[in-house]
Amino acid sequence: MRIALAVHKRAAIRAAIFSLVVSALGATASNAAMQMTPANANESALAARADGTFAAVPEVHGRTKTFRLVAREAQWTLRSGVTAAARTYNGVVPGPTLVVNQGDRVVIDFTNELDVPDTIHLHGIHGAPPEMDGVAGISQPLVAPHGTFRYEFTANEDGTFLYHSHSNEAVLDSGLYGGIIVEPAHPRAVERGLSGDYLEILSAWQLGGGPEDHFTINGKEYPETRQIEVRRGDRVRIRWINISSENEHTMHSHGHDQRVIARDARPVPDGDVEDTVMIGPGQRVDVVVTADAIPGTWIVHCHFLDHTQDQQGMPSGLITALHYRGTPNVFAAMDESMRIDMPAMMQPSMHGAPQAAPFRPSRRVLLALIVALAAAICVGVLAVRRLRASRRRILAAERGRRLRRP
Ligand SMILES: [Cu+2]
């Protein structure tokens with residue numbers, strides 16, 4: 001028993017160190033596919049992707065790719081100073097990205113190391129039997145702590161999908177989701193010749209214990225979100241996924257259009273060009289962006305502005321950027337700049353709702369008001385005089401009639 005405890009302790013320490021390393025790498029990893037040894041034998045190794053997520057390295061046997069996911073608790077840093085007790089797959093948020101080819105057989109060996117039972121739902125995957133749908137009580141029993149379950153499906157359809165806990169909102173909003181990318185067997189013309197493929201998972205947290213109060217792109221809040229690196233003329237694919245439980249997001253790209261090529265993995269005909277793409281909870285939207293602007297840093301952010309600022313009104317949350325290589329890296333400068341300048345700008349909103357300005361007439365208006373007032377007084381005086389004169393005439397006539405009476 002003592003040995004078992006010691007082994008368990010060592011594994012926990014290894015897992016904690018691993019989590020710290022990947023959390024730090026989440027903000028700093030380069031485009032190079034850096035591979036990390038898994039924390040334990042039940043987890044796939046991870047490889048850093050340019051978008052800031054980590055790809056799970058599968059075991060490959062012919063057309064079958066096997067991934068090993070372990071649901072476990074880990075500390076996850078959203079941004080410097082904001083660390084959550086997250087529930088994760090393999091210690092990372094989002095969970096490892098599963099990349100397969102259309103037609104592959106996909107196997108996910110799931111181990112639940114959480115202290116609560118759970119299941120995994122394969123979101124958007126069609127053609128698998130209901131036993132693979134991951135809905136506790138409906139399609140399978142809950143997977144108890146330390147329990148395992150094997151999910152399997154054939155990736156018949158290409159596009160952007162996700163897997164996530166099918167538990168309640170608080171569990172989902174603590175980090176249990178990840179992307180599935182199915183590369184097409186026959187890419188459309190618009191999918192060819194791309195210089196980058198960025199999975200961008202928009203998610204939310206309930207760190208205050210109430211409604212969603214922190215928002216992350218690939219597990220990170222601005223300024224620690226990862227920029228999309230381009231050169232002028234590049235075409236990059238962005239795979240937006242919204243896995244927030246409560247909030248829609250409208251991702252607005254400054255200076256650039258987003259050509260929507262798929263919604264929920266279904267092709268969208270050419271012509272749907274937007275610069276603000278609406279993504280509801282559970283939806284996926286694939287877009288292609290052409291880097292055709294004047295080179296520099298062009299912000300891309302959610303237009304629900306409380307998703308892009310912290311409690312003090314400082315920039316945070318769902319902000320990333322298209323950064324043209326070779327131009328100054330000023331991504332974090334907005335944060336620094338606004339931390340100096342914003343307190344004064346924030347004053348009106350700290351005093352509550354805007355109020356009507358006090359009435360201060362100009363001199364011309366004031367003169368007109370005086371003239372109007374004088375005219376009204378004159379008209380009033382004349383009216384009173386006429387009334388009195390008329391009354392006097394009536395009284396005089398009355399007196400004359402009385403004198404003439406016999
Ligand atoms: Cu939003």
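**Close-up views of the predicted chain**

**View 1. Pro 94 sits in the loop that links strand 6 (82-89) to strand 7 (95-101).** The model shown here and in the other views is predicted. Pro 94 follows Val 93 through a cis peptide bond, with omega near -10°.

**View 2. Asn 90 occupies the loop between strand 6 and strand 7.** Asn 90 is not a glycine, yet its phi is positive, at about 60°. Is Asn 90 buried or exposed? Asn 90 counts as buried because 29 other C-beta atoms lie within 10 Å, where the cut-off for a buried residue is 20 or more.

**View 3. A cis peptide bond joins Tyr 222 to Pro 223.** For this bond, omega is near 5°. Pro 223 belongs to the loop between strand 14 (214-217) and strand 15 (228-230).

**View 4. Asp 264 has a positive phi of about 50° without being a glycine.** The residue lies in the loop that runs between strand 18 (258-263) and strand 19 (266-267). Asp 264 is partly exposed because 15 other C-beta atoms are found within 10 Å, a count between the limits of 12 or fewer for exposed and 20 or more for buried.

**View 5. The largest nonpolar core contains 70 residues.** Which residues of this core touch the most other members? They are Trp 240 and Leu 322. Strand 5 (residues 64-79) makes the largest contribution to this core, giving seven residues. Both domain 1 (1-186) and domain 2 (193-336) supply at least three residues to the core.

**View 6. Surroundings of Trp 240, a member of the largest nonpolar core.** With neighbours within four places in sequence left aside, Trp 240 is in contact with Glu 200, Leu 202 and Met 251. The list of contacts of Trp 240 also includes Val 277, Ile 279, Arg 284, Val 285 and Val 287.

**View 7. Residues 365-384 carry the feature "transmembrane region" in an unreviewed UniProt entry.** In the model, this span is 100% helix and 0% strand. The end C-alpha atoms of residues 365-384 are 29 Å apart.

**View 8. The whole chain, for orientation, has four helices and 24 strands.** Of its 406 residues, 37% are buried. Among contacts between residues at least 6 apart in sequence, 68% join residues at least 24 apart.

Terms used
Residues are numbered from 1 along each chain as its sequence is written. This is a predicted model: local features need pLDDT of at least 70, side-chain atom pairs count only at pLDDT 80 or more; totals for chains, interfaces and linings use all residues. Helices (H or I, at least four residues) and strands (E, at least two) are DSSP runs, numbered from the N terminus. Two residues are in contact if their C-beta atoms, placed from the backbone, lie within 7 Å. UniProt positions are given in the numbering used here, feature names are shortened, and annotations may be inferred rather than shown by experiment. A nonpolar core is a set of buried Ala, Val, Leu, Ile, Met, Phe, Trp, Tyr and Cys residues joined through C-beta atoms within 7 Å. Domain bounds come from an automatic or database domain assignment.
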